[in-house]
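Hi,

Here is the structure I promised to pass on. Have a look at it first, and then read my notes underneath.

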Amino acid sequence: MKKLCCLILAVCISLQVFAAYNRLGIPDSSEIRKGLEEKWFTAPLSEVRANPPEIRANNNGEKFQIRLEESESTFNVFVSPRALIKVNVFSDKGMWTEEQELYPGDVAGSWVLIRDKRTGKPLRIRYYFVKNSEVYIQFTPQGKIALADLVIFGNYAARGVPTGMAFEKFYSASFEDVMTITETKLPWNYVLVDPQVYHSMKQMCAVIHEKLPSISYVEDAMYDENRELVHISTGKKFEIEKKSDKSEEKLLLSSAGFVKWIADGLVEPMSGGVLMRDPLIKETVSVKDNGRQGVLSQKYDLFFSLNWVRNLASAVVSVYSGKTYLFNQSGVDVTINPFASSITDKGVANTVTFVENSGHTVKVLNSLLYVLAATEPGTLYFGAIRGTDRTITPEIMAFNECAAFFPYFQDDGGFACTVFMNGREMTLENFCYYYADDFVYLTRVKSSEQFFPQ
């Protein structure tokens, strides 16, 4: 009898936990919000201002803070879960670490109602549900129903999708309700991930990181199928001065030679050899001879790095599959257009994210790689950068540089992307800053734990 009572108690506790959480395991404030509408959500601003911040707990004991924050044109009511952070405290007696209790408005589990300051009308309700605060779902009123938006790093993966539900329902709707209501209406596959499937990506990044000190950037340099250092442009051997101290010798690689070195580390364990130069420089873009690009192409190699990453990724796919694929047969090109519009300083603007033979704008790269990491887990991307060559008069747009992108999700669900370029490592944020006005053309390659770059 005692065991039965314990079992019933355990079941009751588990049901309470489920009621307070959801399939994503984030804190849920729905039961708290059910009692806040009159006092916080629909009251005039003057009355909301009179409300002091409140701390309430859901049935699972998870604390939330209800508070008001104001901006120039809106006022926002937050219902935010507690977060504990460790901080270092310094005094004349020394330094020690203690935990502080915070209630951030943009962590997973936070809910916010945004209202117009002049009219008091509700503008939108926003739910935060993942580690990255730049990813959220929001609802806006239109007539008798609410419209749903899914935003990923400032770009709309879905915008203005009718929910069939009244806007007021979301004053008290749990996040589980939100997922159920929008299950077939929003591209949830863009944001729901399993952080445990990115081990090979992290391992490859660690191996490359360890090897970087042994690499030096040299223009036009690569190692061919005979492991000879050659010019990419001509295939002829590099004439370099041999160092007497072998321990100081480094790999000499150009931008393109560096991403080939990464590809070689994938194919050699399977094929026993590295990739040849000649197939990698084959043209993949046809232009009219009498057009501006055609005329320029007779003098400059406008599509060098685009040809390179297309052929390089196709070569890796060919080794993986045991069949020979040309670039237009291999499926390596990333041509998806997951975003229709973007949030800008002036509001919302339509976005053309992909242009044939140009790629994606770097401005959407963070959002794009987030979606790709979620929908194509374990895939890395070779990128060709279409920039402006200012060494030529007049200036021309050309594909000259290459990079490798490793997007993945960390164990806590946070998005990360390591970028390797020109023999060095950089953050995606820095890459996007340096190349903000350019395009990048991505080609996909499956990562592998059998990765041994020489």
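Below is what turned up, from the whole chain down to single residues.

First, a caution: this is a predicted model, and the values here are computed from it.

**The chain overall**

The protein chain has 454 residues, and 49% of them are buried. Its secondary structure adds up to 12 helices and 23 strands. If you take the contacts with a separation of 6 or more, 60% of them come from residues 24 or more positions apart. As for the outside, the accessible surface is about 23200 Å², and carbon and sulfur atoms account for 51% of that.

**Strands E8, E9 and E10**

I'd start with strand E9, residues 145-152. Seven of its eight residues are buried, so E9 is largely enclosed by the rest of the structure. E9 pairs with strand E8 (residues 135-142) in the antiparallel sense, over eight bridges. It also pairs with strand E10 (residues 155-162), again antiparallel, this time over five bridges.

A handy residue to click on is Ala148. Its bridge partner in E8 is Phe139, and in E10 it is Val161. So you can go from one strand to the next through Ala148.

Both connections are hairpins. E8 and E9 have two residues between them, and Gly143 in that hairpin takes a positive phi near 65 degrees. Between E9 and E10 there are also two residues, and there Phe153 in the turn has a positive phi of about 50 degrees.

**The E1/E2 hairpin and Ala50**

Earlier in the chain, strand E1 (residues 54-57) pairs with strand E2 (residues 63-70) in the antiparallel sense, over four bridges. Opposite Arg56 you'll find Phe64 in E2. This hairpin has five residues between its strands, and Gly61 in the turn has a positive phi of about 85 degrees.

Just ahead of that is Ala50, in the loop between helix H4 (45-49) and E1. Is Ala50 buried or exposed? With a relative accessible area of 59%, Ala50 is exposed, because the cut-off for that is over 50%. Ala50 and Leu68 are 18 residues apart along the chain, and their C-alpha atoms are separated by 9.7 Å.

**Ser254**

Ser254 lies in the loop between strand E14 (251-253) and helix H7 (255-271). Why does Ser254 count as buried? Its relative accessibility is 4%, and buried means under 20%. Leaving out residues up to four places away in sequence, Ser254 touches Tyr217, Val218, Glu219, Asp220, Ala221 and Ile232.

**The cavity**

How many cavities of 30 Å³ or more does the structure hold? There is one. The largest cavity has a volume of about 60 Å³. Its lining includes Ile26, Pro27, Asp28 and Ser29, along with Arg33. Gly109, Ser110 and Trp111 line it too, as do Tyr127, Tyr128 and Phe175. By type, the lining residues divide into six nonpolar, three polar and two charged.

If you want a short route through the model, start at Ala148 in E9, with its partners Phe139 and Val161. Then go to exposed Ala50 and buried Ser254, and finish at the cavity of about 60 Å³.

Cheers

Notes
Residues are numbered from 1 along each chain as its sequence is written. This is a predicted model: local features need pLDDT of at least 70, side-chain atom pairs count only at pLDDT 80 or more; totals for chains, interfaces and linings use all residues. Side-chain values use heavy atoms; hydrogens and water are left out. On a 1 Å grid over the protein atoms alone, a cavity is a set of points where a 1.4 Å probe fits but cannot get out, and a pocket is an open set with protein on both sides within 12 Å along at least five of seven lines; lining residues have an atom within 4 Å of a point. Grid points are joined across faces, edges and corners, and a volume is the space filled by probe spheres set on the points. Ala, Val, Leu, Ile, Met, Phe, Trp, Tyr, Cys and Pro count as nonpolar, Asp, Glu, Lys and Arg as charged, and the others, Gly among them, as polar. Buried means under 20% relative accessible area, exposed over 50%, partly exposed in between (1.4 Å probe, protein chains only). Contact means heavy atoms within 4.5 Å. Two strands pair if DSSP finds at least two bridges between them. Accessible areas come from the Shrake-Rupley method with a 1.4 Å probe; for residues, only the protein chains shown count as cover.
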